[in-house]
Amino acid sequence: MTKVLLVVSGSDHWTLKDGSKHPTGFWAAEFIHPHQVFSAAGYDITIATPGGVAPTVDEVSLRPDLNAGQADVDAQRRYLADLGETLTKPARLEDVDPADYDAVYVSGGHGPMEDLADNPVIGKIFAALYSDKNKVVAADCHGVGALLPARNADGTWLFAGVRMTGFTDEEETLFGFGDKAPWLLESRLRENGADFSGGPAFAPTVVIDGNVITGQNPASAQPSAEAVVEYLAAHTA
């Protein structure tokens, strides 16, 4: 059975430029949609967070105006509740053996900016799977920041020159955090050598470069997860 590691931020805040702590967590749809896609594909899913802490859903991500209305929000809340301890008692990211998995997918939300974008553990997991072209490394929105800690032995970034996308500086500004963020994801990825490609703000955009699959924003969560399934189907003997 195909096994996927679905990584979620364990942080309930994002430390802004002024030192204040903005309440956040994971973006509901950016976890739910990939989980649905992987479940439908029959994958064995392991949900993991740094430290194995129970993840916090960003309540902003469950606003009806940022989804397809109240009925959609109610359905998302039910989906999260129905997962029970699968979600509230996740695996410890630090205990994960990357050799056990065919894919790793990091969900978005502002939380990853706090506890994954500088996390050496996720960096090593990405590096291990990236080296096997029959496996996939994937992330969506701010979850793409988790690629940043993946380093070569000489300290250079493992994904320099790789085509990718993620939450753009334009989107961060439109969302109200352009001047509040301690750093911007698109800018940081470019500074490290990413071949970054952003689509229209808040529209679905997925970039595939070999076995690296990235989505730009919440609208990209489902299609990026579907791209993971398609890649693995094409590379499974």
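# Reading a fold, one feature at a time

Me: Which residue forms a salt bridge with Arg77, and how far apart are the closest N and O atoms?

Reply: Arg77 pairs with Glu59, and their closest N and O atoms are 2.6 Å apart. To call something a salt bridge here, you look for a side-chain nitrogen of Lys or Arg within 4 Å of a carboxyl oxygen of Asp or Glu, so this pair qualifies. Keep in mind that the model is predicted.

Me: Where in the chain do Arg77 and Glu59 lie?

Reply: Arg77 belongs to helix α2 (residues 70-83), while Glu59 is in the loop between β4 (44-49) and α2, so the salt bridge ties together parts that are 18 residues apart in sequence. Both partners are partly exposed: Arg77 has a relative accessible area of 37%, and Glu59 has 45%.

Me: How many salt bridges does a search of the whole structure find?

Reply: The search finds 7. One of them joins Arg92 to Asp95, with the closest N and O atoms 3.0 Å apart. Arg92 is partly exposed at 37% relative accessibility, whereas Asp95 is exposed at 55%. Another links Glu191 and Arg188, this time at 3.8 Å. Those two sit 3 residues apart in helix α7, about one turn of the helix. Glu191 is exposed at 62%, and Arg188 is partly exposed at 28%.

Me: Which side chain of opposite charge is nearest to Asp169?

Reply: That's Arg190, but at 6.2 Å away, and Asp169 has no salt bridge even though it is buried. You'll find Asp169 in helix α6 (residues 169-174). Away from its sequence neighbours (up to four places), Asp169 touches Leu184, Leu185, Glu186 and Ser187.

Me: Leu185 came up there. Is Leu185 buried or exposed?

Reply: Check its relative accessible area: anything under 20% counts as buried. Leu185 has 1%, so it is buried. It lies in helix α7 (residues 185-191). Leaving out residues up to four places away, Leu185 touches a list that includes Met113, Cys141, His142, Val144 and Asp169.

Me: And Cys141, from that list: what is its phi, and where is it?

Reply: Cys141 has a positive phi of about 55 degrees, although it is not a glycine. Look for it in the loop between β7 and β8 (163-164). Cys141 is buried, with a relative accessible area of 2%.

Me: Which other residue has a phi near 65 degrees?

Reply: Phe202, again a positive value in a residue other than glycine. Phe202 is in the loop between β9 (195-196) and β10 (206-209). At 39% relative accessibility, Phe202 is partly exposed.

Me: How far apart in space are Ala139 and Ser107, and how far in sequence?

Reply: Always compare the two kinds of distance. Ala139 and Ser107 are 32 residues apart in sequence, yet their C-alpha atoms are 6.0 Å apart in space. Ala139 is part of strand β7 (residues 136-140) and is buried, with 0% relative accessible area. Beyond four places in sequence, Ala139 touches Val106, Val144, Ile213, Thr214 and Gly215.

Me: What does Ala150 touch beyond its neighbours in sequence?

Reply: With residues within four places set aside, Ala150 is in contact with Gly123, Phe126, Thr156, Trp157, Leu158 and Phe159. Ala150 sits in the loop between β7 and β8 and is buried at 0% relative accessibility. For another distance, take Ala150 and Val229: 79 residues apart along the chain, with 23 Å between their C-alpha atoms.

Me: Let's zoom out. How many helices and strands are there?

Reply: The protein chain has 8 helices and 11 strands. Its C-alpha trace spans about 45 × 40 × 35 Å along the principal axes. For 237 residues, a compact globule would have a radius of gyration near 18 Å, and the chain's 16 Å agrees with that. Buried residues make up 52% of the chain. Of the contacts with a separation of 6 or more, 75% are between residues 24 or more positions apart.

Me: What about charge: how many side chains are positive and how many negative?

Reply: Count 16 positive and 33 negative; the centres of the two sets lie 3 Å apart. As for the surface, the chain exposes about 9,700 Å², with carbon and sulfur atoms supplying 51% of it.

Terms used
Residues are numbered from 1 along each chain as its sequence is written. This is a predicted model: local features need pLDDT of at least 70, side-chain atom pairs count only at pLDDT 80 or more; totals for chains, interfaces and linings use all residues. Side-chain values use heavy atoms; hydrogens and water are left out. Helices (H or I, at least four residues) and strands (E, at least two) are DSSP runs, numbered from the N terminus. The radius of gyration is taken over C-alpha atoms; the globule rule is 2.2 Å times the number of residues to the power 0.38. Buried means under 20% relative accessible area, exposed over 50%, partly exposed in between (1.4 Å probe, protein chains only). Contact means heavy atoms within 4.5 Å. Accessible areas come from the Shrake-Rupley method with a 1.4 Å probe; for residues, only the protein chains shown count as cover. Lys and Arg count as positive and Asp and Glu as negative; His and the chain ends are not counted. The place of a charge is taken as NZ of Lys, CZ of Arg, CG of Asp or CD of Glu.
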